[in-house]
Amino acid sequence: NKAGEVTKEAIKSEAKFGKRSRPFFVKNIRLRRPKDGEVVIHSGGAYHAHLIEFGRSGGSTITKKGRKVKWGPTAANPVFGRGYEKSKNEAMQTMINEIQRGLGL
């Protein structure tokens with residue numbers, strides 16, 4: 001859990017885009033309790049997180065009312081990837097410390 005918290009905080013720090021942050025996105029970055037020794041950090045209720053992380057291509061569609069809607073491409077902003085890379089050494093050291101503390105070393 002402690003190593004997961006380290007990584008989660010690093011991801012949150014990467015979720016500040018320029019001079020602003022996306023508060024809805026940042027507050028929805030969550031840590032799921034470990035299951036089979038694996039901690040999952042996910043974007044919770046931020047349904048648009050995949051668009052931030054992976055980007056999207058431009059396109060258009062016709063609505064049910066017959067209107068044409070266009071959107072432009074969005075570049076990928078791999079927040080989760082950068083946060084993981086930034087924190088992996090500190091998270092690993094946190095795991096080592098917790099295991100040593102648990103074994104009484």
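Let's start with the largest nonpolar core, which has 10 residues in all: Ile11, Ala15, Phe25, Val26, Ile29, Ala46, Ala49, Ile52, Val79 and Phe80. Three elements give two or more residues to this core, namely helix H2 (23-27), helix H3 (49-54) and helix H4 (79-103). In soluble globular proteins, nonpolar side chains tend to be buried together. Please keep in mind throughout that this is a predicted model.

Let me take a couple of core members one at a time. Phe25 sits in helix H2. Is Phe25 buried or exposed? Its relative accessible area is 1%, so Phe25 is buried. Phe25 and Ile52 are 27 residues apart along the chain, and their C-alpha atoms are separated by 9.4 Å.

Then there is Ile11, one of the core residues. Which residues does Ile11 touch, once we set aside those up to four places away in sequence? The list is Ile29, Ile41, Val79, Phe80, Gly83 and Tyr84. Of those, Ile29, Val79 and Phe80 are also members of the core.

Ile41 deserves its own moment. You'll find Ile41 in strand E4, residues 38-42. Ile41 has 21% relative accessibility and counts as partly exposed, because buried means under 20%. Leaving out residues up to four places away in sequence, Ile41 touches Gly4, Thr7, Lys8, Ile11, Ile29, Arg30, Leu31 and Phe80. With Ile11, the separation is 30 residues in sequence and 9.2 Å in space, C-alpha to C-alpha.

That brings us to helix H1. Its 13 residues should span 18 Å at 1.5 Å a residue, and the end C-alpha atoms are 19 Å apart, which agrees. Which residues of H1 are buried? They are Ala3, Gly4, Val6, Thr7, Lys8, Ala10, Ile11 and Glu14.

You may have spotted a lysine in there. Lys8 belongs to helix H1, residues 2-14. Why does Lys8 count as buried? Its relative accessibility is 12%, and the cut-off for buried is under 20%. Apart from neighbours within four places in sequence, Lys8 is in contact with Ile29, Arg30, Leu31 and Ile41. Next along the chain is Glu9, also in H1. Glu9 is partly exposed, with a relative accessible area of 42%. Glu9 and Glu90 are 81 residues apart in sequence, and 12 Å apart in space from C-alpha to C-alpha.

Now to H4. At 1.5 Å a residue, its 25 residues should span 36 Å; the end C-alpha atoms are 35 Å apart, which agrees. That said, H4 has a kink of about 50 degrees, centred on Lys88. The buried residues in H4 are Val79, Phe80, Gly83, Ser87, Ala91 and Thr94. Val79 and Phe80 are the ones we met in the core. After H4 comes Gly104, with a positive phi near 75 degrees.

What comes before H4? Pro73 is in the loop between strand E6 (68-71) and H4. With 66% relative accessibility, Pro73 counts as exposed. Leaving aside neighbours within four places in sequence, Pro73 is in contact with Arg56, Ser57 and Gly58. Its C-alpha atom is separated from that of Leu31 by 30 Å, and the two residues are 42 apart along the chain.

Let's zoom out to the whole chain. How many helices and strands does the protein have? There are 4 helices and 6 strands, and from the N terminus on they run α-β-β-α-β-β-α-β-β-α. The radius of gyration is 18 Å, well over the 13 Å that the globule rule gives for 105 residues, so the protein is more spread out than a compact globule. Along the principal axes, the C-alpha atoms fill a box of roughly 70 × 30 × 20 Å. Of the 105 residues, 25% count as buried. As for contacts between residues at least 6 apart in sequence, 47% join residues at least 24 apart.

Last, a word on confidence. The protein averages a pLDDT of 84, and 94% of the residues score at least 70. Which elements have the lowest and highest mean pLDDT? Strand E2, residues 20-21, has the lowest at 62, and H4 has the highest at 90. Where pLDDT is low, the predicted coordinates should not be read in detail.

Thanks, everyone, and I'm happy to take questions.

Conventions:
Residues numbered from 1 in each chain as written. Predicted model: local features only at pLDDT ≥ 70, side-chain atom pairs only at ≥ 80, totals over all residues. Heavy atoms only, no water. Core = buried A, V, L, I, M, F, W, Y, C linked by side-chain atoms within 4.5 Å. Buried < 20%, exposed > 50% of the residue type's maximum accessible area, 1.4 Å probe, protein only. Contact = heavy atoms within 4.5 Å. Expected span 1.5 Å × (residues − 1). Bend = angle between axes of the 7 residues up to and from the residue. pLDDT = per-residue confidence, 0-100. Rg over C-alpha atoms; globule rule 2.2 N^0.38 Å.
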